[in-house]
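Here is a short set of exercises to work through with the structure open beside you. Take each task at your own pace, then compare your steps with the worked solution.

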Amino acid sequence: MNPKKPFYPPREVHVQVTHSMPPQKIEIFKSLEGWAKDNILVHLKPVEKCWQPQDFLPEPSSDGFHEEVKELRERAKEIPDDYFVCLVGDMITEEALPTYQTMLNTLDGVRDETGASPTSWAIWTRAWTAEENRHGDLLNKYLYLCGRVDMRQIEKTIQYLIGSGMDPRTENSPYLGFVYTSFQERATFISHGNTARRAKEHGDMKLAQICGTIAADEKRHEMAYTKIVEKLFEIDPDGTVIAFEDMMKKKISMPAHLMYDGRDDNLFEHFSAVAQRLGVYTAKDYADILEFLVQRWGVEHLTGLSGEGRRAQEFVCNLAPRIRRLEERAQGRAKKREPDVAFSWIFDRKVQL
């Protein structure tokens with residue numbers, strides 16, 4: 001039996017920090033209600049116009065269902081194990097959606113106070129969650145049908161992850177929270193886009209379409225979150241650039257960083273290493289996202305900042321080149337072949353890190 005306590009993270013999380021924003025800061029978000037309705041809710045799609053997982057999967061009521069499943073499984077046979085490690089990791093990340101909605105509802109001034117609040121911020125959080133919910137559903141059903149993965153181990157990993165939660169270190173602050181979600185949505189857009197490209201290279205056009213469709217959703221959501229931060233830079237440039245610096249100094253941890261399957265304490269690190277090697281999500285992508293956000297929000301051109309704000313501006317504007325230099329040095333040192341690691345998701349077959 002595993003000696004770990006159930007529902008505890010596989011490792012220590014950071015010291016938990018919560019705080020409440022001063023009333024004048026909370027008032028900023030209250031005053032943006034109307035703006036959010038006109039500028040953020042427009043990035044949601046009406047349910048009737050949304051794709052649904054069933055649009056991409058064999059139709060169970062059809063006489064040709066078994067034939068379609070057989071074709072899906074034949075295509076999946078051509079895809080290597082390391083790709084499935086990345087796809088499973090992405091799916092598990094999407095399936096921990098209850099945690100992400102919970103995290104958004106810790107943010108002062110924008111949380112859903114009742115569970116069905118009519119505020120623009122609460123409507124966005126619920127509808128964003130509903131749109132994102134389809135991603136895990138679609139990937140889960142595809143993986144179930146393809147026959148290449150150990151669904152029970154994957155299901156255990158999802159349960160462990162939701163039970164463990166996440167620690168993005170956003171400290172109840174929507175400034176930190178929306179910087180985090182802006183970064184994270186772009187990261188998932190890149191990751192799903194790259195799994196789409198890899199599926200195409202392996203000849204599975206249907207899987208490429210699935211991953212590409214999910215990537216398009218992530219891109220639309222990224223546009224909404226970056227627009228919120230852009231507005232915060234307009235209203236409160238000093239507070240926003242200091243929050244940006246704060247998140248980047250802590251480093252943006254991926255939402256599934258407490259991933260665990262009951263066996264591997266370093267499961268997230270091993271999954272990330274495979275994703276890095278395959279080019280699904282890399283240290284270069286991290287630097288590129290940071291650079292993109294600095295440009296998107298015009299951080300270099302901010303004026304009238306306090307001394308602390310100017311120091312934060314300098315830090316975030318110089319960080320991406322620094323990350324790239326560190327990564328180049330690390331790549332230069334990494335001469336030896338990384339070990340192979342067994343993943344329970346693929347029946348304990350080994351994959352090179």
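Helices and strands here are DSSP runs numbered from the N terminus, with at least four residues for a helix and at least two for a strand. By that numbering, Asp348 sits in the loop between E1 and E2. Please keep in mind that this is a predicted model.

**Exercise 1. The hairpin**

Task: Describe how E1 and E2 pair, and find which residues of E1 are on its covered face.

Solution:
- Step 1. Look at the pairing: E1 and strand E2 (residues 349-352) run antiparallel and are joined over 4 bridges.
- Step 2. Pick out partners across the pair. Ala342 has Lys350 of E2 as its bridge partner, and Phe343 stands opposite Arg349 in E2.
- Step 3. Recall a general rule: side chains in a regular strand alternate between the two faces of the sheet.
- Step 4. Apply this to E1, residues 340-343: Val341 and Phe343 make up the covered face, while Asp340 and Ala342 make up the uncovered one.

**Exercise 2. Positive phi angles**

Task: Work out where Phe347, Asp348 and Asn172 lie, and say whether Asp348 and Asn172 are buried or partly exposed.

Solution:
- Step 1. Start from the general expectation that most residues other than glycine have a negative phi.
- Step 2. Turn to the hairpin of E1 and E2, with 5 residues between the strands: Phe347 has a positive phi near 60 degrees there.
- Step 3. Move to Asp348, which is not a glycine and yet has a positive phi of about 65 degrees. Asp348 counts as partly exposed because its relative accessibility is 41%, and partly exposed runs from 20% to 50%.
- Step 4. Compare with Asn172, another residue other than glycine, whose positive phi is near 70 degrees. Asn172 belongs to the loop between helix H7 (151-164) and helix H8 (174-201). With a relative accessibility of 15%, Asn172 is buried.

**Exercise 3. Salt bridges across the chain**

Task: For the pairs Asp204 with Arg75, Arg220 with Glu131, and Glu171 with Lys250, find which parts of the chain are linked.

Solution:
- Step 1. Begin with the idea in general: side chains of opposite charge can pair when their charged atoms come close. The whole structure holds 25 salt bridges.
- Step 2. Take Asp204 and Arg75, whose closest N and O atoms are 3.1 Å apart. This pair links distant parts of the chain: Asp204 is in the loop between H8 and helix H9 (205-235), Arg75 is in helix H3, and they are 129 residues apart. Asp204 is buried, at a relative accessible area of 0%, whereas Arg75 is partly exposed at 26%.
- Step 3. Next come Arg220 and Glu131, which form a salt bridge with an N to O distance of 2.8 Å. Arg220 lies in helix H9 and Glu131 in helix H6 (residues 120-146), so to speak two distant parts of the chain, 89 residues apart. Both Arg220 and Glu131 are buried.
- Step 4. Finish with Glu171 and Lys250, where the closest N and O atoms are 2.9 Å apart. Glu171 is in the loop between H7 and H8 and Lys250 is in helix H10 (residues 237-250), so this salt bridge ties together parts 79 residues apart in sequence. Glu171 is buried at 18% relative accessibility, and Lys250 is buried at 16%.
- Step 5. Look for shared partners: salt bridges join Glu131, Arg134, Asp217 and Arg220 into one network.

**Exercise 4. A surface patch and a loop contact**

Task: Identify which residues form the negative surface patch, and find how many residues along the chain separate Val299 from Phe233.

Solution:
- Step 1. The negative patch consists of Glu59, Glu67, Glu68 and Glu71.
- Step 2. Place one of its members: Glu59 is in the loop between helix H2 (33-39) and helix H3 (65-76). Glu59 counts as partly exposed, its relative accessibility being 32%.
- Step 3. Now find Val299 in the loop between helix H12 (283-296) and helix H13 (307-333). Val299 is buried, with 0% relative accessibility.
- Step 4. Val299 and Phe233 are 66 residues apart along the chain, and 8.5 Å separates their C-alpha atoms.

Note on methods. Residues are numbered from 1 along each chain as its sequence is written. This is a predicted model: local features need pLDDT of at least 70, side-chain atom pairs count only at pLDDT 80 or more; totals for chains, interfaces and linings use all residues. Side-chain values use heavy atoms; hydrogens and water are left out. Patches are made of residues with over 30% relative accessible area and no salt bridge: like charges are joined within 9 Å, nonpolar side chains (Val, Leu, Ile, Met, Phe, Trp, Tyr) within 5 Å. Accessible areas come from the Shrake-Rupley method with a 1.4 Å probe; for residues, only the protein chains shown count as cover. A salt bridge is a side-chain nitrogen of Lys or Arg within 4 Å of a carboxyl oxygen of Asp or Glu. Lys and Arg count as positive and Asp and Glu as negative; His and the chain ends are not counted. The place of a charge is taken as NZ of Lys, CZ of Arg, CG of Asp or CD of Glu. Buried means under 20% relative accessible area, exposed over 50%, partly exposed in between (1.4 Å probe, protein chains only). Two strands pair if DSSP finds at least two bridges between them.
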